[in-house]
Amino acid sequence: MFDSTVKIGNNVTIKEGVRVGKNVVIEDDVYLDYDCIIRDNVHIKKGSFIGARSILGEYLMDFYKDKENKVHPLVIGENSLIRTENVIYGDTVIGDNFQSGHKVTIRENNKIGNNVRIGTLSDIQHHCYIGNYISIHSNVFIGEESKINDYVWIFPHVVLTNDPAPPSNELLGVTIDSFAVIAAKSVLLPGVHIHEDALVGAGAIVTKDVPSETVVVGNPAKEISSVRKIKNKITGEYTYPWRNTFKRGMPWQDSDYETWIRNMDINTLNIYK
Amino acid sequence: MFDSTVKIGNNVTIKEGVRVGKNVVIEDDVYLDYDCIIRDNVHIKKGSFIGARSILGEYLMDFYKDKENKVHPLVIGENSLIRTENVIYGDTVIGDNFQSGHKVTIRENNKIGNNVRIGTLSDIQHHCYIGNYISIHSNVFIGEESKINDYVWIFPHVVLTNDPAPPSNELLGVTIDSFAVIAAKSVLLPGVHIHEDALVGAGAIVTKDVPSETVVVGNPAKEISSVRKIKNKITGEYTYPWRNTFKRGMPWQDSDYETWIRNMDINTLNIYK
Amino acid sequence: MFDSTVKIGNNVTIKEGVRVGKNVVIEDDVYLDYDCIIRDNVHIKKGSFIGARSILGEYLMDFYKDKENKVHPLVIGENSLIRTENVIYGDTVIGDNFQSGHKVTIRENNKIGNNVRIGTLSDIQHHCYIGNYISIHSNVFIGEESKINDYVWIFPHVVLTNDPAPPSNELLGVTIDSFAVIAAKSVLLPGVHIHEDALVGAGAIVTKDVPSETVVVGNPAKEISSVRKIKNKITGEYTYPWRNTFKRGMPWQDSDYETWIRNMDINTLNIYK
């Protein structure tokens, strides 16, 4: 049924209409829903679910010249949950426990860590670094050369840009440090650096770097406060830095951030370069 | 061809590649275009058209644990026109004469009334109430717990948020009252209440409630006028409240709003709770 | 296999699952990837690639009344590269060397010139004029009656509106003149005219016409400078008008703009009406 170079593990479910290319590895307990297209050199690790009509290992530009698929491997980590109609290119590596919504696009040369979630319609351009425990909500645009460190939250319809003088031949990606929060519909201009624990308000147009623990809002975005002064409208409690008040899905969910970080082996920390 | 629990009415068209699950009811005069996936417990009422590759009755989160589809019914009302590649989850009810563009996503636990239109790429999260005669244009994001009453217009790329201190464990949905208009690219912050006949200008970042018949614009949005002072740039006429000047597709299209409301049976009015 | 009215040229690749309607012309060296739906009266010119699951010649509104497809031809120019899951309606003409990303929607009665690129998720409404050598990036919304002249750049998440008093019965499209640049996430209000070489900053809400060579930013957008004063952050060089500093993919890429325009045959210039 499939090419002889395809390796399929135990307890794999493959629904009708799935197409599989060459040199594909499908580990144990993977589920491929209706009509997925798995192109060449894709490796799906154990326990992952691939939603109906997702296309994995999508062609890069070099395919279109001679219609020959070059070697551009894609790795999907363990226990990932990719919903319907995602398109994920080759030359990308995605870690374990990845979750995506519907109709997500992820291009080539991306490195995505563990426990990352990407919402419906989001569009991740090429050559991005996306760390661990990151939540990217619906319809976010991540431009080329973006660097997003661990524990960052990005809410719906945010745009990360990268061209310092459009159209130009330069690329100046955005950097977001750990624990920063980027609220809905904001725009980060090329080369902007958002520091740890900062909060970018909804609809902010961020034209310069944001210091740590700082809230910016407006067009253009201006500093208005320390994050430590922001209260939750419902509970009335101070909520930032959020790592002290929020734990769902985080590695400290069974204790608290302070306890978890004190007991952590520093050698396991993920520091991006 | 289909499971024995599937009931199919008269004059139903089912194009090639359509897949149908269990306990599905397809009433008379329904048309299912190429490659639709109708999962379990979906009820499509008479005269509806389901565009190519739409997925109805999509899995909720509980599916992914054991790959068993639990009972989460989806009802699509009569004479609906769902275009290609929509994904609509179970546990949702959609009324009659629904129309959607391409690639719309509608999640679980939504209640959508009659004569609602939702544009291409729009993304309706879960636990929303959407009334009757509502127009939601392209690429709108409706966050969880949103309440949208009858006769509301929402234009392209609008975002309705709901997390009062992101990331938090609280949800504070937006409420939009009847006859309000939300122009393109605006953002409504968590818990904001837009009152009757209000007009939110394009690109407004709305951080607090908007009184009835009030125009707000800017970032942050500020009141600038009564809607009664706004003229149509082309005709030069006063146009708000729009129910007095616009009738296409509305229940008063054969007379006018005043006549229609005077002659209406008050018991048929839809009031949300 | 296909209807007798279908004409297929030499060296055409048709992958599994492709469906082809009536009166379709597929010229030499065309490649149709998996599961494309080519409805009636579509003409695909030589050398074009149609990505997996794209739908060409999509139904207009008149189909849904009687489920009979009327004659609404679609022409796709030579050497076009349409990626996966595009939906392109009938009654539209697209020129040569067209390139699109994934999941693009293009509706009816559009005229699109040569060397146009449209990014992932962009949504082109009906009755638009889009000239030549235009780059429209990801997730742009182009409202009905928009006119975009040659050599325009539109960046991600831009919205072109058209209803002067929403909801109204009038349409007042946006006009963008040659060499203008519209940065990410900006909104152009109905009837706005952006003149040659203008630069609309990221997140600008443009409520009135922008003169040539002018930079506008903010909400509402205000003039802040001549484009001639803007330097590239990285190179430190003046970059606007960009036609003097950027040439990749442009007809002057082998010389420079000045040389190219001096040597050009004026009769080949494309002037829109």
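Reader: Happy to dig in! Is Arg107(C) buried, exposed or partly exposed?

Author: This is a predicted model, where local features need pLDDT of at least 70, side-chain atom pairs count only at pLDDT 80 or more, and totals for chains, interfaces and linings use all residues. Side-chain values use heavy atoms without hydrogens and water, residues are numbered from 1 along each chain as its sequence is written, and chains are lettered from A and ligands numbered from 1 in the order in which they are written. Buried means under 20% relative accessible area, exposed over 50% and partly exposed in between (1.4 Å probe, protein chains only). With a relative accessible area of 23%, Arg107(C) is therefore partly exposed.

Reader: Which residue forms a salt bridge with Arg107(C)?

Author: A salt bridge needs a side-chain nitrogen of Lys or Arg within 4 Å of a carboxyl oxygen of Asp or Glu. For Arg107(C) the closest N and O atoms are 3.2 Å apart. The partner counts as buried, at 10% relative accessibility, and is Glu108(C).

Reader: Thanks! How many residues apart are Arg228(C) and Glu213(C) in sequence?

Author: Their salt bridge has its closest N and O atoms 2.7 Å apart. Arg228(C) lies in the loop between strand S32 (222-226) and helix H2 (257-262) of chain C, and Glu213(C) in the loop between strand S30 (205-206) and strand S31 (214-217); helices (H or I, at least four residues) and strands (E, at least two) are DSSP runs, numbered from the N terminus. The pair therefore ties together parts of the chain whose separation in sequence is 15 residues.

Reader: What about Glu58(C) and Arg39(C): are they buried or exposed?

Author: Their side chains meet in a salt bridge at 2.8 Å, N to O. Glu58(C) sits in strand S9 (residues 55-58), while Arg39(C) is in the loop between strand S6 (37-38) and strand S7 (42-44) of chain C. Both Glu58(C) and Arg39(C) are buried.

Reader: Lovely. How much area do chain B and chain A bury between them?

Author: Buried area is the accessible area (1.4 Å probe) that two parts lose on being put together, summed over both. Here 42 residues of chain B are in contact (heavy atoms within 4.5 Å) with 41 residues of chain A. With 60% of it on carbon and sulfur atoms, the buried area is about 3,400 Å².

Reader: And how many salt bridges are there between chain B and chain A?

Author: One of them pairs Arg19(B) with Glu16(A), the closest N and O atoms being 3.5 Å apart. Between chain B and chain A the count is three.
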